[in-house]
Amino acid sequence: MHVGAMSLWEIALGMYPTSHFEQVMDEPFVMIAIWIFAILTAVFLMNLLIAQLNGAYAAVYDDMVGYARLNRAAVIVTTLEQVSEKRWARFIQAQRFEERLEFNEGDIGLPGGLQLTEPSNANPTTVDAIRRFGGSTSRTMPWPAEE
């Protein structure tokens with residue numbers, strides 16, 4: 001059996017001597033089996049090549065995105081070097097980073113950010129990550145027992 005497997009491997013790689021095909025031509029069933037094997041092997045190797053090229057493209061694309069971000073950061077840094085201190089201070093003051101951000105109605109959050117709204121179906125969640133407890137906010141009051 002190992003000789004037959006080696007012959008099929010040589011046929012798949014194109015290393016099988018053409019002089020031996022004369023013996024195979026006499027047996028139609030063997031010839032059909034070899035053709036089916038050759039076609040399946042060619043399809044498999046083509047899929048393997050496509051997978052390799054796809055993986056290489058993904059790696060190159062990730063590098064490209066990283067280099068684009070680095071270049072964008074370099075442009076921002078060189079632009080910020082040209083901004084005067086007075087103008088930069090006015091910009092920071094206009095952002096109002098000292099004001100607290102409202103998470104929900106009546107739920108005042110932390111200061112130091114920019115509030116952006118997005119559609120509610122953009123990032124669906126089934127479990128709320130914020131735990132809410134009713135009652136007093138005194139530090140001396142114990143936390144409610146968890147269920």
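## A walk through the predicted model

Across the protein the average pLDDT is 84, and 99% of the residues score at least 70, values that belong to a predicted model and should be read as such. Among the elements of the protein, the lowest mean pLDDT, 74, falls to helix H2, which covers residues 21–25, while the highest, 92, falls to helix H4, which covers residues 85–95.

Helix H3 spans residues 28–81, and Thr41 is found within this helix. The side chain of Thr41 has a polar atom that lies 2.7 Å from the backbone oxygen of Phe37. Thr41 has a relative accessible area of 15%, and because the limit for a buried residue is under 20%, Thr41 counts as buried.

Helix H4 offers another picture, since it is hardly covered: among its 11 residues, the count of buried residues is zero. Just after H4 comes Arg96, a residue of the loop that runs between H4 and strand S1, the strand made up of residues 100–104. The backbone of Arg96 has a phi near 55°, which is a positive value in a residue other than glycine. Arg96 is partly exposed, with a relative accessible area of 48%, a value that lies between the 20% and 50% limits and therefore fits neither the buried nor the exposed class.

The side chain of Arg96 also takes part in a salt bridge, in which it meets the side chain of Glu99 at 3.5 Å, N to O. A search of the whole structure finds one salt bridge. The partner in this pair, Glu99, is likewise assigned to the partly exposed class, at 40% relative accessibility.

Two separations help to place parts of the chain relative to one another. Arg96 and Asp26 are 70 residues apart along the chain, and their C-alpha atoms are separated by 88 Å. Met141, found in the segment after strand S2 (107–111), is 61 residues from Leu80 in sequence, with 48 Å between them in space, C-alpha to C-alpha. Met141 itself is partly exposed, with a relative accessible area of 47%.

The open spaces of the model come last. The largest pocket holds about 460 Å³ of space. Of the 17 residues that line this pocket, Phe103, Asn104, Leu116, Thr117 and Glu118 are the closest to its centre. Sorted by class, the lining of the largest pocket consists of seven nonpolar, six polar and four charged residues.

The second largest pocket holds about 400 Å³ of space. Its lining is formed by 13 residues, and those that lie nearest the centre of the pocket are Phe133, Gly134, Ser136, Thr137 and Trp143. In this second lining, five residues are nonpolar, five are polar and three are charged.

Definitions and conventions. Residues are numbered from 1 along each chain as its sequence is written. This is a predicted model: local features need pLDDT of at least 70, side-chain atom pairs count only at pLDDT 80 or more; totals for chains, interfaces and linings use all residues. Side-chain values use heavy atoms; hydrogens and water are left out. On a 1 Å grid over the protein atoms alone, a cavity is a set of points where a 1.4 Å probe fits but cannot get out, and a pocket is an open set with protein on both sides within 12 Å along at least five of seven lines; lining residues have an atom within 4 Å of a point. Grid points are joined across faces, edges and corners, and a volume is the space filled by probe spheres set on the points. Ala, Val, Leu, Ile, Met, Phe, Trp, Tyr, Cys and Pro count as nonpolar, Asp, Glu, Lys and Arg as charged, and the others, Gly among them, as polar. A salt bridge is a side-chain nitrogen of Lys or Arg within 4 Å of a carboxyl oxygen of Asp or Glu. Buried means under 20% relative accessible area, exposed over 50%, partly exposed in between (1.4 Å probe, protein chains only). Helices (H or I, at least four residues) and strands (E, at least two) are DSSP runs, numbered from the N terminus. A polar contact is a pair of N or O atoms within 3.5 Å; within protein, one must be able to donate a hydrogen and the other to accept it, and residues adjacent in sequence count only if both atoms are side-chain atoms. pLDDT is the predictor's confidence in each residue, from 0 to 100.
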